[in-house]
Amino acid sequence: MIAPAEPALEADHTMVDVGREPVTSLPRETLLSVRNLKTYFPQDEGLVKAVDGVSFDLYPGATLGIVGESGCGKSVTARSILRIVDRPGRIVDGEIRFRRPAADGGTGTGHVVDLVKLAPDGSEMRSIRGAEIALIFQEPMSSFSPVHTVGNQIIEAIRLHQPVDRRGARDKTIEMLRRVGVSSPEQRVDQLSNQLSGGLRQRAMIAMALSCQPTLLIADEPTTALDVTTQTQILELMRQLQQEDGMAIMLITHDLGVIAEMATDVAVMYLGRVVEQAPVDAIFHNPRHPYTRALLRSIPRIRSRSRERLTPIAGSVPHPYDRPTGCPFHPRCADFMAGKCDRLEPSLRPVGDQHAVSCFLYE
Amino acid sequence: MLTFIGRRVVLAIFTVWAISVLAFAIIQLPPGDYVTSYIAQMATMGSVVTDEEAQNLRIQYGLGRPIYVQYYKWVKLIAQGDFGMSMEWRRPVTEVIGERLWLTVVVSVAALILTWALALPIGVYSAVRQYSVGDYLATFVGFIGLAVPNFLLALVLLYLGFVLFNAHIGGLFSPEFNDAPWSWARVWDLLKHLPIPALILGLAGMAQQIRIMRANLLDELRKPYVVTARSKGLPEPRVITKYPVRVALNPFASTIGYTLPYIVSGSIIVSLVLGLPTVGPLLLKALIAQDMFLAGTIVLLLGVMTVIGTLVSDVLLVWIDPRIRLEET
């Protein structure tokens, strides 16, 4: 499919063809729109469908929480958006439509590109990566190079995307470190990452990610490796910086508590698919998908009666080479309908205002 | 940083001292003292050493006095640049070794540079393109390099060079330059002869270094900091060379210390086959002929070269990996 040469800003309904909307018809306010994304990893043992038809939307300034168990494809989705999926994995289908800021940095809405169509190491993708979409992730211990100073790595990021000299980039780095709450940044800037605590390293990561004012910050389990106190501080910091800079956050986590605290919208993933997407209140107060309900039942409650047992989700996540047919959740589902759920694949359908579910109970 | 290097230099001096004791012990090993065997040697040649001469030599080397005095006298002579007499050549050891030592250094360093210059990019390529055709090819050639003794490789190359090109690739100089005084033409002639011996001597080391680099880099490529670098929008070649390669260089650099003496001592047979005028064949002959001043001196010099190589690799490591610097201060 050939991308239109001159992307129009308005949705043009006459262009709708072959079931897939053209690249240009992103609703005006959407920042990122992922449609039917499939990222597969061919292995000797078989094909691992890490991401198998993920769709969701993200709006400027909003926080989309992506929840799911380990191995459900959350991180691969994030890396697919940045186009840094490790070999041999590759995106085999789908669209990742991203609205770039106006070229003059002004108030215009910019134009929309399909990231899937860009060369992963090409200049356009590289000018988006790090500058407009930034990433922080869960290993603060090893996410900085052990042999370069923290400052060196942040300065590099700034100089890559902004026309400043070394001196200016260094000043900006110190300023960013100060903003994220690193004490005495003038000294920290010349330290190696192993001289910093886990919390400080994650702060420095955030400083690096935000140094080029991205419009989208992907935070992949940003607080998983931190203790609870530091975790709260980091989340608070992210929220504060989001208010100041107005970037959107895609927050990947398996911690529903973090979601409740941070997210405006939630996408629940299971085995490489989004099974439910809704505003955060609807997810917690009116969950529709059996998997979402089961997830919520499995959280310990502070006001629960003593000795009350948690309700775990029956079974475990299937092996990636051995995916169930039909709805991937059916072997563990309490509302399993024989002859339907194990044969047919449900698709994401709206069930309410901004609320979509992929389940036959609602079809 | 400076204290670190200072400490290493002090350690190096101690090591050199230990090596000198060893070399001295080697010189002392044969039965009888040096002057007696010198006189015997002279007698077989038909010349007579007068009693006065013999007495002077005994005083010079402190013979008949305690062993530490003899050691002290020997070290003092070395400090003055006098390494004693070679019995077999009946010339001062310095004269016998002379040019050969420098040629050994030249050949070794050339082999080392060639090893690194080829092993580094091939190792990086093998890791970044793991299981590609190029990787398998490098692995294949590498294992051949490891498995085939290098003197055999030298013979094969000699044979092929002679049969295919009618060229004699042995030696380090063309015949007309063999005993000529140093000139630019002679240096150029040396450079022309250098690549083949350097390649033969460096091949085994190179194969090893490729495997080391590949394994290290494969480990490093999976580390999160590589994802960080990539997610900044750095071009892929820069991501690879600035971060994981830099970290993977660490064990790579530490091998320089033992690669240097390995090349020198491993080169004896190759040097014989290729007719290289280096110290390797000289050491062999000296040991066979019990020419102990010559053998001891060569052992001493090889030891010192090892220490220097280790020192260089230590300093390189500190430069490459700032974490070591931190631990030491």
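**Contact between the chains**

I began with the contact between chain A and chain B in this predicted model. I found that 18 residues from chain B and 23 residues from chain A take part. On the side of chain B that touches chain A, I listed the helices that supply at least two residues each: α10 (224-231), α12 (244-254) and α16 (322-328). I noted that α10(B) gives the most, with six residues. I then sorted the residues on this side of chain B by character and got eight nonpolar, seven charged and three polar.

**Helix α5 of chain B**

I stayed in chain B and looked up helix α5, which covers residues 93-128 and has 36 residues. From its first C-alpha to its last I read 51 Å, close to the 52 Å expected at 1.5 Å a residue. I also checked the helix for a bend and found one of about 30° at B:Glu99.

**The sheet of chain A**

I moved to chain A and traced an open sheet of eight strands with mixed pairing. I wrote down the order as β6-β7-β8-β3-β9-β10-β12-β11. Strands β6 (133-137) and β11 stand at the edges with a single partner strand each, so I recorded one side of each as left without a neighbour in the sheet. The twist averages 20° from one strand to the next.

Within the sheet I picked out the pair β3 (residues 63-67) and β8 (residues 248-253) of chain A, which run in the parallel sense and are joined over five bridges. For A:Val67 I looked up the bridge partner in β8(A) and found A:Thr253.

I next asked which strands helix α1 (residues 74-82) of chain A lies across. I found β3, β6, β7 (216-220), β8 and β9 (265-270) of chain A. Relative to β7(A), helix α1 of chain A runs at about 150°.

**A:Arg323**

My last entry concerns A:Arg323, which I placed in the loop between α10 (290-297) and β11 (349-352) of chain A. Is A:Arg323 buried or exposed? I counted 16 C-beta neighbours inside 10 Å, and because a residue is buried at 20 or more and exposed at 12 or fewer, I entered A:Arg323 as partly exposed.

I then listed what A:Arg323 touches, not counting residues up to four places away in sequence: A:Lys49, A:Leu271, A:Pro318 and A:Pro328. One of these, A:Leu271, I followed up. A:Leu271 and A:Arg323 are 52 residues apart along the chain, and I read 8.4 Å between their C-alpha atoms.

Definitions and conventions. Residues numbered from 1 in each chain as written. Chains lettered and ligands numbered in written order. Predicted model: local features only at pLDDT ≥ 70, side-chain atom pairs only at ≥ 80, totals over all residues. Helix = DSSP H or I, 4+ residues; strand = E, 2+ residues; numbered from the N terminus. Contact = placed C-beta atoms within 7 Å. Expected span 1.5 Å × (residues − 1). Bend = angle between axes of the 7 residues up to and from the residue. Pairing = 2+ DSSP bridges. Axes fitted to C-alpha atoms, helices over the stretch in contact; angles between N-to-C directions. Nonpolar A, V, L, I, M, F, W, Y, C, P; charged D, E, K, R; others polar.
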